[in-house]
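The following exercises are to be worked with the sequence and the structure side by side. Each task is followed by a solution in steps.

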Amino acid sequence: ARLNETLVQRVGQVVVDLNALPPGRATIDARLNLAHSLTRIDRSLNSALEVERGLSTIRTSLKQYQQELAKEQKASQTTPKPSPRRAPKPPEPVFLSRETQQRLQGVQRSSHQTAAQVLKQAIADAQAIQNKRAESQAVSVLAELYGRWAKTPQQWADVETLANRSLVLSQQSNAPEVAYRVQGLLGFALKNQGQTAAARAAFLVAAKNLQALRGDLVAVDPDIQYNFRDNVEVIYREAVEALLPTQGESPNQTNLEEARRLIESLQLAELDNFLREACVEGRPVALDRVVDQDNPKTAVIYPIILNNNRQIRVIAKIPGQKDLLYHAIDLPTGTDVEVVLKTWQGKLRETIVTPLSGRSEATRIYGWLVQPFQSQLQQSQVDTLVFVPDKTLRNVPMAALFDAQQNKYLIQEYAIAVS
């Protein structure tokens, strides 16, 4: 906490030094860099506070369990026994003291306010030198800053106003690297105001701009590698979710095709980001032709984990069938897909592994990904399954999925490939 307070104090001096400089592109860039640094401080503080909130929840659960256990023990005692002298209760372990939490929250507010002031001055400088591209960048960062703290519909409406303003400026100054970010931010602002249809459209446009930028993304936005999950991956995922049918809707084949294509584009973007350049030229492959003609007994399965980690959507291409198949799984509240997958991974890595190790998880995941299409796979005499896995699904062995009805592992029924 003291370290972050010292940083904020030093930032104040930097702001004074910047204000002494004349308006110019170099000054604007310096202000934007300072705002980004303040945002990183805000994120690190937020992570620490989230850890404390998580530990607090655990402590509360443990207290409740201890109280229930004490009640059960008391009820099971048939004859009263003299209670032993109790030792003093040790203090509860805490990650952050209440005083430290309050100080961190104060530093957060201070860094947020300073960043907003710095960005507003950057906008004024850009207007003074009539640089619309720089103004668009400054307005977009200010919109992102407000979006991090927005909670009410009115606050999201303010974010929407700034995002629209930045979008117009980016289009006027031909700044696509700004446009895709504010279109994604506009999608979140509309989504949080309940404007679902408009939000879907914004996310889809943002994803299309990302695809157009693919080869130049790392070059035009050097900071993208450090914010890939926040700035790129989330846009692709929101666009995919926008294309998938909501509860009660029938699957639209055009939308399913587009969702499948976007998932493949996201994988290419992740590879580009990892390698720091678009050195892999992805060539579109007509999977329908590959499946129906070249490998007529092969099915392709696209499992998609949505952002809340409680919903799985599966798209399947079955040979000989024109339409894609679709299945939606909504897990019970409190169930996290990532937790289930990591639990299975952990059991498979144990020193002593028995035939039953991870059997329940393997059966459950089989029920998510394969069981819904079992009859179609049998009718088409499929002998090979190609998985295009998402998120943590990439780290689990698909061959070890278990069909409880047939008492067989997936590898015993199909040849397995992962794309």
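A residue counts as buried when its relative accessible area is under 20%, and as exposed when that area is over 50%. The model is predicted, and the exercises below apply these limits to it.

**Exercise 1. Confidence and overall make-up**

Task: State how confident the prediction is along the chain, and describe the chain as a whole.

Solution.
Step 1. The average pLDDT of the chain is 80, and 73% of the residues score at least 70.
Step 2. Residues 85-94 have a pLDDT below 50, and this stretch has five contacts in the model beyond near neighbours in sequence.
Step 3. Seven strands and 15 helices are found in the chain.
Step 4. Of the 419 residues in the chain, 42% are buried.
Step 5. The chain exposes about 23200 Å², of which carbon and sulfur atoms supply 51%.
Step 6. Among contacts between residues at least 6 apart in sequence, 67% join residues at least 24 apart.

**Exercise 2. Two residues in one loop**

Task: Decide whether A175 is buried or exposed, and do the same for N174.

Solution.
Step 1. Locate the residues: A175 is in the loop between α5 (153-172) and α6 (176-191), and N174 belongs to the loop between α5 and α6 as well.
Step 2. A175 has a relative accessibility of 2%, so it counts as buried.
Step 3. Look for what lies around A175: apart from neighbours within four places in sequence, A175 is in contact with R133 and S170. R133 is 42 residues away from A175 in sequence, yet the C-alpha atoms of the two are 6.6 Å apart.
Step 4. N174 has a relative accessible area of 60% and is therefore exposed.
Step 5. Check the backbone: N174 is not a glycine, but its phi is positive, about 55 degrees.

**Exercise 3. A second positive phi**

Task: Find where Q381 lies and determine whether it is buried or exposed.

Solution.
Step 1. The loop between α14 (374-379) and β4 holds Q381.
Step 2. The relative accessibility of Q381 is 54%, so this residue counts as exposed.
Step 3. Q381 has a positive phi near 55 degrees, although it is a residue other than glycine.

**Exercise 4. The order of the sheet**

Task: Give the strand order of the open sheet of five strands and explain why one side of β3 and one side of β7 lack a neighbour in the sheet.

Solution.
Step 1. The order is β3-β2-β1-β4-β7, and the pairing is mixed.
Step 2. β3 (325-330) and β7 (415-418) stand at the edges with a single partner strand each, so one side of each has no neighbour in the sheet.
Step 3. From one strand to the next, the twist averages 20 degrees.
Step 4. Take the pairs in turn. β2 (residues 311-317) and β3 are antiparallel and share six bridges, with I315 opposite Y326 in β3.
Step 5. β1 and β2 are also antiparallel, over six bridges, and R313 in β2 is the bridge partner of I304. The hairpin of β1 and β2 has five residues between the strands, and N309 has a positive phi near 60 degrees there.
Step 6. β1 and β4 run parallel and are joined by four bridges; T298 stands opposite T384 in β4.

**Exercise 5. The surroundings of β1**

Task: Establish how many residues of β1 are buried and which way they point.

Solution.
Step 1. Eight of the eight residues of β1 are buried, so the strand is largely enclosed by the rest of the structure.
Step 2. T298, V300, Y302 and I304 point one way from β1, while A299, I301, P303 and I305 point the other way.

**Exercise 6. The helix on the sheet**

Task: Identify the strands that α13 touches and explain why its buried residues line one face.

Solution.
Step 1. Helix α13 (residues 359-369) packs on the sheet and touches β1 (298-305), β2, β3 and β4 (384-387); its direction makes about 60 degrees with that of β2.
Step 2. The buried residues in α13 are E361, A362, I365, Y366, W368 and L369.
Step 3. Seen down the axis of α13, these buried residues fall within an arc of 160 degrees, so they line one face of the helix.
Step 4. An α-helix has 3.6 residues a turn, so residues three or four places apart point the same way.
Step 5. Consider E361, which has a relative accessibility of 10% and therefore counts as buried. Leaving aside neighbours within four places in sequence, E361 is in contact with V340, T343, W344 and K347.

Definitions and conventions
Residues numbered from 1 in each chain as written. Predicted model: local features only at pLDDT ≥ 70, side-chain atom pairs only at ≥ 80, totals over all residues. Heavy atoms only, no water. Pairing = 2+ DSSP bridges. Helix = DSSP H or I, 4+ residues; strand = E, 2+ residues; numbered from the N terminus. Axes fitted to C-alpha atoms, helices over the stretch in contact; angles between N-to-C directions. Contact = heavy atoms within 4.5 Å. pLDDT = per-residue confidence, 0-100. Buried < 20%, exposed > 50% of the residue type's maximum accessible area, 1.4 Å probe, protein only. Areas by Shrake-Rupley, 256 points an atom, 1.4 Å probe, with all protein chains shown as cover. Arc of directions from axis to C-beta.
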